[in-house]
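Open the model in a viewer and keep the selection tool at hand. The stops below go from one selection to the next.

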Amino acid sequence: MGDELLKSQNYSKLSDSFGRVARKLRISITDRCNMRCIYCMPYNNTEWFEQDNILSYKEILKLATIFSGLGVKKIRLTGGEPTVRPKMEDLIRSLSKINGIESVSMTTNGLLLSEGKAKQLKEAGLGSVNISLDTFKADRFKSICGIDGLNQVLASIQAADDAGLKLKINTVVVRGWNDDEVVDFARFARSTGYTVRFIEFMPLDGSGIWEPNLVFSKREMIERIKKNVKELVPLQNDSSEPAMLYSFIDGKGTVGFIPSMTEPFCQYCDRIRITSDGRFLTCLFENTGGGYDLKSLLRSGRSDDYIRRYILECIVKKPEGVISIIETKTLKPTINLMHRIGG
Ligand code: SAM
Ligand code: SF4
């Protein structure tokens, strides 16, 4: 590792060469999933990582502790589908006890989030949950997610709420698939009080179907909501949050937009990721052949200090983000695989 490099940077901070400091860590705990969303999974995907290749909970904890020492404050568990991995409550309990970690949250498709499970995870230390839902139509749910699960997901939203978990709904909007439901989701946000965050479709799908035309933009969503529901007013936004939040002019309901394609928030990005097979990704759109291999360092017995220095060396190389890819017109389908990164 370049000691000169380390001398020239702050040892204790995950600062990149653009001055951004990472404070949020997303950990994918499995690449497996009980859904087959067409904007995420490869068609007929059967190539899961071998169990041996997946980080154990002990290894995840070790890395999380190292990252926390470098300034990470918030951890989000994701997948694939995190709830398919057994005993995730044990992991949550341990993660939430790490010195410096302020919150542990999860992004889930909700299929396995029963009332009992939601309570169990909350008791273990889970603070909040983002549940993904793209449609209120059962047949469409099946064609987008590959499974008949609408009612289970709706029940899981209720279960998470009842368990006292903070809750947001994630809705990926794809032109021609579900953009006609943006208004229904906005009304849902108003009637339930749950924040619905609309996400623009990103070229991270395993099947390579992404194309620019399928991106239904934030601007289009806002126009549609204003026309059919009510005027929106931008809220004071936290620049480190990818979602731009709006309330309705009558104060009833909040919606957010994650315009990753049309208004990328890369310049404020404070996130980093660990894949389930133990690779470190400094950016969703990173082109490092799948990230930096932390698992090998762990398994070859490298010291914590060595791993810490390696992480600091990698973070410096964090790319500018999707902006430069858009500007150089090199955006193409399937830059990385979402179900392995976890969003
Ligand atoms: N299985 C969990 C779920 O679906 O919530 C967690 C993993 S999933 C990869 C995390 C988030 O990424 C979900 O909200 C999902 O809708 C979103 N997502 C997946 N593929 C996407 C894509 N190509 N563009 C934008 N968002 C995507
Ligand atoms: Fe599974 Fe989530 Fe990807 Fe859907 S978005 S296939 S639920 S990992």
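**First stop: ligand 2**

Select ligand 2 and show what surrounds it: Cys-33, Met-35, Cys-37, Tyr-39, Cys-40, Met-41, Gly-80 and Asn-109. Keep in mind that this is a predicted model. Colour this shell by class, and 6 residues come up as nonpolar and 2 as polar, with no charged residue.

**Second stop: ligand 1**

Now select ligand 1. It is surrounded by 17 residues, and the closest are Tyr-39, Gly-80, Glu-81, Ser-132 and Met-202. Tyr-39 and Gly-80 also belong to the surroundings of ligand 2. By class, the shell of ligand 1 holds 7 nonpolar, 8 polar and 2 charged residues. Show the strands as well: β3, β5 and β6 (195-200) each contribute at least two residues to this shell.

Which atoms of ligand 1 lie close to polar atoms of Tyr-39, Thr-108 and Ser-132? Begin with a nitrogen atom of ligand 1, which sits 2.8 Å from a polar backbone atom of Tyr-39. Next, find an oxygen atom of the ligand at 3.2 Å from a polar backbone atom of Thr-108. At Ser-132 the partner is in the side chain: an N or O atom there is 2.6 Å from an oxygen atom of ligand 1. Switch on the surface to see the cover: ligand 1 taken alone exposes 540 Å², and the protein buries 95% of that.

**Third stop: the loop after β2**

Select Gly-80 again and zoom in on its backbone. Gly-80 is in the loop between β2 and α3 (88-96). The peptide bond leading from Gly-79 to Gly-80 is cis, with omega near 15 degrees. Move along to Lys-87, which lies in the loop between β2 and α3. Lys-87 is not a glycine, yet its phi is positive, at about 60 degrees. Both features stand out because most residues other than glycine have a negative phi and most peptide bonds are trans.

**Last stop: the sheet**

Show the strands as a cartoon. The 12 strands form an open sheet with mixed pairing, in the order β7-β8-β9-β6-β5-β4-β3-β2-β1-β10-β11-β12. At its edges are β7 (232-234) and β12 (292-293), each paired on one side only.

Select β2 (residues 74-78) and β3 (residues 103-108): the two run parallel and are joined by 4 bridges. To locate one of the pairs, pick Lys-74, whose bridge partner in β3 is Ser-103.

Finish with helix α6 (residues 150-162), which lies across β4 (128-132) and β5 (166-173). Relative to β4, α6 runs at about 165 degrees.

Terms used: Residues numbered from 1 in each chain as written. Chains lettered and ligands numbered in written order. Predicted model: local features only at pLDDT ≥ 70, side-chain atom pairs only at ≥ 80, totals over all residues. Heavy atoms only, no water. Near = heavy atom within 4 Å. Nonpolar A, V, L, I, M, F, W, Y, C, P; charged D, E, K, R; others polar. Pairing = 2+ DSSP bridges. Contact = heavy atoms within 4.5 Å. Axes fitted to C-alpha atoms, helices over the stretch in contact; angles between N-to-C directions. Polar contact = N/O pair within 3.5 Å; in protein donor to acceptor, adjacent residues only side chain to side chain. Areas by Shrake-Rupley, 256 points an atom, 1.4 Å probe, with all protein chains shown as cover.
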